Amino acid sequence: MKTLIIYSTKTGTTKKCAALLAANIGADSCDLFEISEEIPEISGYECVAIGSYVRMGVIDKKISAFLQKHKEELFKTKFGLFICSCLADKVDEAITKNFSEEFLNRAAIIDWFGGELPKEKLKAMDKIIVNSIIKIAKTDPTFTVYEKIIPESITNFSNVLKES
């Protein structure tokens, strides 16, 4: 199944997850593109997966713009959406905030692939924010920071996309 995977990454985690997804689907049948690259026509693919990091509850604006611009094309093909975030307790909120009801209803699958906090790749202000989030999570049991990629989610996502 010819699959297009489009992603946006800030620290490399979403790129890593997109590559793992391609490997699960079958790398020979996948084309992987970072959102800032020239994206081929969706109509040339049987399936499309689109992923983004979540920062401050919001997905990358280039991914949002892509979804809106290509909405009609996407709705004519099988597609899935995934996010990468370390805030486990905020996943459902991030999904409903960033994807319209139309996308939520038409996607074959929408999932969370976990996240990572590679502090060495963060800018100064981002490091301050991340350290604050980690500090809050240590004292607030309702606030969970999850710093792992979830391979099972990626496998499940690929299986759903591969289903006829």
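A salt bridge is a side-chain nitrogen of Lys or Arg within 4 Å of a carboxyl oxygen of Asp or Glu. Keep that cut-off in mind for the opening stops of this tour, which runs through a predicted model.

**Stop 1: the salt bridges**

Searching the whole structure turns up three salt bridges.

Select Lys16 and Glu116. Their side chains form a salt bridge with an N to O distance of 3.1 Å. Lys16 belongs to helix 1 (residues 13–25), while Glu116 sits in the loop between strand 6 (109–112) and helix 6 (124–139); the two are 100 residues apart, so this pair links distant parts of the chain. Lys16 has a relative accessibility of 40% and therefore counts as partly exposed. Glu116, at 27%, is also partly exposed.

Next, select Lys2 and Asp31, whose side chains meet in a salt bridge of 3.3 Å, N to O. Here too the pair links distant parts of the chain: Lys2 is in the segment before strand 1 and Asp31 is in strand 2, 29 residues apart. Lys2 is partly exposed, with 37% relative accessible area, and Asp31 is partly exposed at 25%.

Then select Lys71 and Glu102, where the N to O distance is 3.0 Å. Because Lys71 lies in helix 3 and Glu102 in helix 5 (residues 101–106), this salt bridge ties together parts that are 31 residues apart in sequence. Glu102 is partly exposed, with 34% relative accessibility.

**Stop 2: a charged residue without a salt bridge**

Move to Glu34, in strand 2 (residues 30–34). Is Glu34 buried or exposed? Glu34 is buried, and it has no salt bridge. The nearest side chain of opposite charge belongs to Lys62, 6.0 Å away. The salt-bridge cut-off is 4 Å.

What does the side chain of Glu34 meet in a polar contact? Show Ser36: its side chain is joined to that of Glu34 by a polar contact of 2.4 Å. Now display the neighbors of Glu34. Leaving aside residues up to four places away in sequence, Glu34 touches Tyr7, Ser8, Thr9 and Ile39.

**Stop 3: strand 1**

Tyr7 leads to the next selection, strand 1 (3–7). Five of the five residues of this strand are buried, so strand 1 is largely enclosed by the rest of the structure.

In a regular strand the side chains alternate between the two faces of the sheet. Color the two sides of strand 1 separately: Thr3, Ile5 and Tyr7 lie on one, Leu4 and Ile6 on the other, and all are buried, so that both faces are covered.

Add strand 2 to the selection. Strands 1 and 2 pair in the parallel sense, over five bridges. To find the register, look at Thr3, which stands opposite Cys30 in strand 2.

**Stop 4: strand 5 and its partners**

Select strand 5 (78–84). Six of its seven residues are buried, which leaves the strand mostly covered. Lys78 lies in this strand and counts as partly exposed, at 23% relative accessibility. Follow the Lys78 side chain to its polar atom that lies 2.3 Å from the backbone oxygen of Glu163.

Show strand 3 (47–55) alongside. Strand 3 and strand 5 run parallel and are joined by seven bridges; Tyr53 stands opposite Cys84 of strand 5.

Now show strand 6. It pairs with strand 5, again in the parallel sense, over four bridges. Leu81 has Ile110 of strand 6 as its bridge partner. A C-alpha to C-alpha line from Lys78 to Ile109 spans 9.3 Å, although the two are 31 residues apart in sequence.

**Stop 5: the nonpolar cores**

In soluble globular proteins, nonpolar side chains tend to be buried together. Which members of the largest nonpolar core touch the most other members? In this core of 25 residues they are Ile50, Leu67, Leu74 and Ile83. At least two residues each come from strand 1, strand 3, helix 2 (61–69), helix 3 (71–75), strand 5 and helix 4 (91–98).

Center the view on Leu74. Not counting residues up to four places away in sequence, Leu74 touches Ile42, Val48, Ile50, Leu67, Phe79 and Phe103.

To finish, select Tyr7, Leu21, Ile149 and Leu161. These residues are among the 19 of a second, separate core.

Note on methods:
Residues are numbered from 1 along each chain as its sequence is written. This is a predicted model: local features need pLDDT of at least 70, side-chain atom pairs count only at pLDDT 80 or more; totals for chains, interfaces and linings use all residues. Side-chain values use heavy atoms; hydrogens and water are left out. A nonpolar core is a set of buried Ala, Val, Leu, Ile, Met, Phe, Trp, Tyr and Cys residues joined through side-chain atoms within 4.5 Å. Buried means under 20% relative accessible area, exposed over 50%, partly exposed in between (1.4 Å probe, protein chains only). Contact means heavy atoms within 4.5 Å. Lys and Arg count as positive and Asp and Glu as negative; His and the chain ends are not counted. A polar contact is a pair of N or O atoms within 3.5 Å; within protein, one must be able to donate a hydrogen and the other to accept it, and residues adjacent in sequence count only if both atoms are side-chain atoms. Two strands pair if DSSP finds at least two bridges between them.
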